[in-house]
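Student: I'd like to see how the labels get earned here. Can we go through them together?

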Amino acid sequence: MDANPIVLDDAAGDVIVVVVEGEHDIYTTPTLRERLDEAIGRGGGIVVDLTGATFVDSSVLGALLDARRRALEAGQGFVVCVGDAAEPGVQRILDITGLVPVLPVISSRDAAVDAARATPNGTGE
Amino acid sequence: MSTAPDVRMTMPARPEGVAVVRQALAGLADALDFDPAVLADMKMAVSEACTNVVVHAYEEVDGMLEVDISASDAGLTIWVRDHGSGIQPQVNRSREVPALGLGLPLIAALSDTFELHGSAGHGTEVRMTFAHARESDPAAENPVTGGLGDDGRWDADPSRGTPTG
């Protein structure tokens with residue numbers, strides 16, 4: 001069993017959720033990029049759920065920012081969620097890089113799905 | 001360094017080694033009863049330093065990643081070292097995972113002290129220290145400045161803000 005799984009959840013219908021769990025760095029980023037590519041390829045909104053992630057580094061942020069850019073260029077919503085109590089190894093890098101409003105990052109997965117469905121930039125604007 | 005480190009790791013500079021270093025560091029810091037917030041910062045900073053070695057140090061050739069850790073009453077000192085192309089990291093476009101360019105700004109923000117040594121053709125050494133107890137957040141004193149450039153890499157120019165569009 002993979003201790004650091006990255007799986008696609010399409011239960012939300014027109015929004016695909018990329019569920020990222022465990023620790024992720026330069027070693028697992030190629031897999032994350034593949035999953036994000038697959039999610040973008042489905043044509044709907046994209047949510048990246050980091051609720052179960054315990055560590056992400058700048059390699060992961062790079063993959064998320066690339067995916068966000070491509071999703072927005074294609075007119076697809078892109079939102080990241082971290083749950084109500086994100087791990088320090090996730091929240092810290094998002095906070096100090098100022099990327100929370102950029103990606104954007106919100107807590108609730110349900111709210112993230114709604115935001116990704118509603119608007120291409122996930123901000124309701 | 002005048003005395004031998006408490007922990008010395010030497011391994012091929014490959015992506016799979018970064019997690020090995022991180023787990024070894026976490027085990028040592030747990031044994032020394034570090035604050036979880038400091039441990040989280042240590043893991044992040046060391047991961048970024050090791051990632052820099054993997055991505056930038058050796059270009060198309062194989063090389064080694066070296067990590068030394070020394071403990072003292074004050075905290076931990078960590079050295080991350082390579083013997084590669086030197087102190088001016090360039091984007092290595094041959095790698096599958098392009099760099100965002102955030103590594104050194106993150107290390108500077110997350111460590112209590114940070115030094116970068118090296119020269120072209122003679123490798124690079126990053127030295128970081130982390131205190132057991134902090135009176136202030138180092139990221140507040142050395143914030144990550146800049147934002148995303150048009151090329152998708154981090155532009156450290158503090159006059160830039162991260163675009164939101």
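Tutor: Sure, we'll take a helix, a core and an interface in turn. This is a predicted model, where local features need pLDDT of at least 70, side-chain atom pairs count only at pLDDT 80 or more, and totals for chains, interfaces and linings use all residues. Residues are numbered from 1 along each chain as its sequence is written, with chains lettered from A and ligands numbered from 1 in the order in which they are written.

Student: What makes residues 29-41 of chain A a helix, H1?

Tutor: A helix is a DSSP run of H or I with at least four residues, numbered from the N terminus. H1(A) has 13 residues. Its reach from first C-alpha to last is 18 Å, close to the 18 Å expected at 1.5 Å a residue (1.5 Å times one less than the number of residues).

Student: Why are the buried residues of H1(A) said to be on the same side?

Tutor: Buried means 20 or more other C-beta atoms within 10 Å of a residue's own, placed from the backbone; exposed means 12 or fewer, and partly exposed is in between. Among the buried ones are A:Leu32, A:Leu36 and A:Ile40. The buried residues cover an arc of only 165° around the axis, so they share one side of H1(A) (the arc is taken over directions from the helix axis to the C-beta atoms). The face turned away carries exposed A:Glu34, A:Glu38 and A:Gly41.

Student: What makes A:Val47 in contact with A:Val79?

Tutor: Contact needs C-beta atoms, placed from the backbone, within 7 Å. Leaving aside neighbours within four places in sequence, A:Val47 has A:Val79 among its contacts, along with A:Val15 and A:Cys81.

Student: And how many residues of chain B are in contact with chain A?

Tutor: On chain B, 29 residues are in contact with 25 of chain A.

How values were computed: Helices (H or I, at least four residues) and strands (E, at least two) are DSSP runs, numbered from the N terminus. Two residues are in contact if their C-beta atoms, placed from the backbone, lie within 7 Å.
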